[in-house]
Amino acid sequence: MQADKELDTSGLNCPLPILKAKKALAELNSGQLLKVIATDPSSSRDFQAFARQTGHELVAQESLGDKLVHWLRRR
């Protein structure tokens, strides 16, 4: 997948990855893709809830070693 914007929140704990993603999504146009890299283990659950609550699409989540990658499409 090709991200329109990439955000590295490595080392940050909840709720900072979500807050930074919310700000980054606001800078994108509808349909654009945001890639968020996180290290907080609870970020997977947090991004699932964030997508449900905001209407943004959680396209994919993947684990790459100690990094978690979340792909969000702006509504």
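Me: Residues count as buried under 20% relative accessible area, as exposed over 50%, and as partly exposed in between. In this predicted model, why is C14 called partly exposed?
Reply: The relative accessible area of C14 is 44%. Partly exposed covers the range between under 20% and over 50%, so C14, at 44%, is partly exposed.

Me: Where is C14 found, and what is C14 in contact with?
Reply: The loop between β1 and α1 holds C14. When neighbours within four places in sequence are left aside, C14 is in contact with D40, S42 and D46. Measured against G31, 17 residues away in sequence, the C-alpha separation of C14 is 25 Å.

Me: What kind of peptide bond joins C14 and P15?
Reply: The bond between C14 and P15 is cis, with omega at about 10°. P15 also lies in the loop between β1 and α1. Most peptide bonds are trans.

Me: Why is T9 called buried?
Reply: The relative accessible area of T9 is 0%. The limit for buried is under 20%, so T9 is buried.

Me: Where does T9 lie, and what is T9 in contact with?
Reply: T9 is placed in the loop between β1 (5-8) and α1 (16-26). Apart from neighbours within four places in sequence, T9 is in contact with P17, K20, V36, I37 and A38.

Me: What makes K67 partly exposed?
Reply: K67 has a relative accessible area of 29%. The class in between begins where buried, under 20%, ends, and exposed is over 50%; K67, at 29%, is therefore partly exposed.

Me: Which residues does K67 touch, and where is K67 placed?
Reply: K67 belongs to strand β4 (residues 67-73). Residues up to four places away in sequence not being counted, K67 touches S10, I37, A38, T39 and E62. Between K67 and L19, which are 48 residues apart along the chain, the C-alpha separation is 18 Å.

Me: Why is the pair of F47 and F50 called edge-to-face?
Reply: Ring centres must lie within 6.5 Å to pair, and planes over 60 degrees apart count as edge-to-face. F47 and F50 have 6.4 Å centre to centre and 80° between the planes. Both conditions are therefore met, and the pair is edge-to-face. The count of aromatic pairs comes to one.

Me: How are F47 and F50 placed in helix α2, and are they buried or exposed?
Reply: F47 and F50 are three residues apart in helix α2 (residues 43-54), so about one helical turn separates them. Both residues are buried.

Me: What is the order of the elements along the chain, and how do you know that the chain is as compact as a globular protein of its length?
Reply: The chain has two helices and four strands, in the order β-α-β-α-β-β from the N terminus. The radius of gyration is 11 Å, close to the 11 Å given by the globule rule for 75 residues, so the chain is as compact as a globular protein of that length. The C-alpha trace spans about 30 × 25 × 15 Å along its principal axes.

Me: What share of the 75 residues is buried, and what share of the contacts joins residues at least 24 apart?
Reply: Buried residues account for 37% of the 75. Of the contacts between residues at least 6 apart in sequence, 65% join residues at least 24 apart.

Notes
Residues numbered from 1 in each chain as written. Predicted model: local features only at pLDDT ≥ 70, side-chain atom pairs only at ≥ 80, totals over all residues. Heavy atoms only, no water. Rg over C-alpha atoms; globule rule 2.2 N^0.38 Å. Buried < 20%, exposed > 50% of the residue type's maximum accessible area, 1.4 Å probe, protein only. Contact = heavy atoms within 4.5 Å. Phe/Tyr/Trp six-rings, centres within 6.5 Å; stacked < 30°, edge-to-face > 60°.
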